[in-house]
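Hi,

Here is the structure I promised to pass on. Have a look at it first, and my notes follow below.

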Amino acid sequence: MRIVGKQTWIFQNPIYINATGTAVGPKEADGPLGADFDYSFKELHCGEDNWELAERRLMEQSIQSCLSKEKLEYKDIDLFLAGDLLNQNVTANYVARHHQIPFLCMFGACSTSMETLAMSAALVDAGFANRVLASTSSHNATAERQFRYPTEYGGQKPDSATFTVTGAGTALVSKEKGAVKITSATIGRVIDLGITDPFDMGTAMAPAAADTIQAHLQDLNIQPDEYDLIATGDLSGVGSPILKELLKEEGFDVSIIHNDCGLMIYRSDQNVFAGGSGCGCAAVVTYGHIINELKTGALKKVLVVATGALLSPTMLQQKESIPTIAHGVVLERVNN
């Protein structure tokens with residue numbers, strides 16, 4: 001691996017995504033990308049007794065779906081990188097305790113999917129592991145209970161609010177040739193422009209996404225049209241226009257090739273406010289829909305930039321603003 005500029009890694013060895021697995025809830029399965037997901041549950045409890053167990057089930061299912069495609073078992077994996085939105089990353093930690101794979105727990109809020117994927121590629125590239133699983137999850141009811149109000153409370157929300165995706169995504173990363181290659185990654189900086197409203201994550205995270213995309217383009221000395229798609233994580237209908245304007249001010253026009261995972265996963269009539277969010281949002285859209293599009297050739301080169309709001313309820317109660325971050329990973333179709 002070598003670093004280009006200040007923030008971008010270029011992998012020296014061919015690094016591949018050999019398989020992915022996705023598991024989602026009923027609303028996600030009913031959305032426009034439903035056919036791209038491996039497994040869907042018919043109700044939010046996912047057959048479990050509580051919301052937290054349901055989220056755990058989602059991550060377990062995404063891992064099993066991923067491994068089954070390559071006919072691998074847990075013992076075949078060298079390293080497990082995972083994270084989620086809950087305090088102390090309890091979903092990832094409790095999943096990891098069952099499988100006894102060497103484990104690195106990671107947290108970047110909703111940017112965790114690309115954070116774990118970038119780190120997986122870096123570790124494989126450097127020779128510290130041969131096969132790595134990168135996994136993230138979120139659940140609408142667990143996130144609402146922790147960050148806002150339990151769903152049973154029935155509190156009203158403004159139109160700027162986002163709807164936490166119920167889903168989990170897992171990727172298997174190695175040097176073994178596959179249909180999709182990871183070629184570079186850009187590690188984001190923490191950006192905080194003073195936003196304090198937890199019901200407006202799009203406005204808070206858009207500057208971080210713009211900062212990472214600009215750094216990526218400048219580090220590699222390329223223009224946005226290098227990519228068929230630049231996909232952001234959870235900017236929603238509020239943050240996506242802000243991102244486009246911020247980049248345009250810096251001389252980068254992404255208006256044609258940009259889309260947001262939070263807008264792609266749901267239809268506008270699904271009562272999701274400004275769109276989807278959560279660790280599972282970018283994970284299931286990338287490991288489901290975008291990977292499928294790369295495999296079929298509908299897309300050839302994609303920059304996925306997952307965004308995260310690094311807030312906690314305690315900090316908001318202390319009147320702190322919301323720090324945000326975005327990590328980008330480049331995925332390319334492998335020509336046979």
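**Rings, cysteines and a helix pair**

F163 is buried, and Y266 is buried as well. Bear in mind throughout that this is a predicted model.

I started from those two because they belong to the aromatic pairs, of which the whole structure has 3. F163 and Y266 meet edge-to-face, with 5.8 Å from centre to centre and 90 degrees between the planes. What I like here is the sequence separation: the two residues are 103 apart, and the pair links distant parts of the chain. F163 belongs to strand β7 (residues 163-164), while Y266 lies in the loop between α8 (261-264) and β12 (276-277).

F163 has another partner too. The charged end of K27 sits over the F163 ring, 5.3 Å from its centre.

Another of the aromatic pairs is Y39 with F41, also edge-to-face, at 4.9 Å centre to centre and 65 degrees between the planes. Y39 is partly exposed, at 33% relative accessible area, whereas F41 is buried, at 7%.

Now the cysteines. How many disulfides does a search of the whole structure find? The count is 0. Two cysteines show why. For C66, the closest cysteine sulfur is that of C279, and at 18 Å it is too far for a bond. C110 also has C279 as its closest cysteine by sulfur, at 5.2 Å, and that is still too far for a bond, because a disulfide needs the two sulfur atoms within 2.5 Å. Both of these cysteines are buried: C66 has 0% relative accessibility, and C110 has 9%.

Last, a helix pair. Helix α6 (residues 201-220) packs against helix α7 (residues 236-249) at an angle of about 40 degrees, and their axes are 8 Å apart. The crossing is right-handed. On the α6 side, the contact is made by G202, T203, A206, P207, A209, A210, I213 and Q214. On the α7 side, the residues are S236, V238, G239, I242, L243, L246 and L247.

If you only open the viewer for a minute, I'd go to F163, with K27 over its ring and Y266 edge-to-face with it. After that, try the α6 and α7 crossing.

Cheers

How values were computed: Residues are numbered from 1 along each chain as its sequence is written. This is a predicted model: local features need pLDDT of at least 70, side-chain atom pairs count only at pLDDT 80 or more; totals for chains, interfaces and linings use all residues. Side-chain values use heavy atoms; hydrogens and water are left out. Buried means under 20% relative accessible area, exposed over 50%, partly exposed in between (1.4 Å probe, protein chains only). Rings of Phe, Tyr and Trp (its six-membered ring) pair if their centres lie within 6.5 Å; planes under 30 degrees apart count as stacked, over 60 as edge-to-face and the rest as tilted. Helices (H or I, at least four residues) and strands (E, at least two) are DSSP runs, numbered from the N terminus. A charge sits over a ring if NZ of Lys or CZ of Arg is within 6 Å of the ring centre and within 35 degrees of the ring normal. Axes are lines fitted to C-alpha atoms, for helices over the stretch in contact, and angles run from 0 to 180 degrees between N-to-C directions. A crossing is left-handed if the near helix is turned anticlockwise from the far one by less than a right angle, and right-handed if clockwise. Contact means heavy atoms within 4.5 Å.
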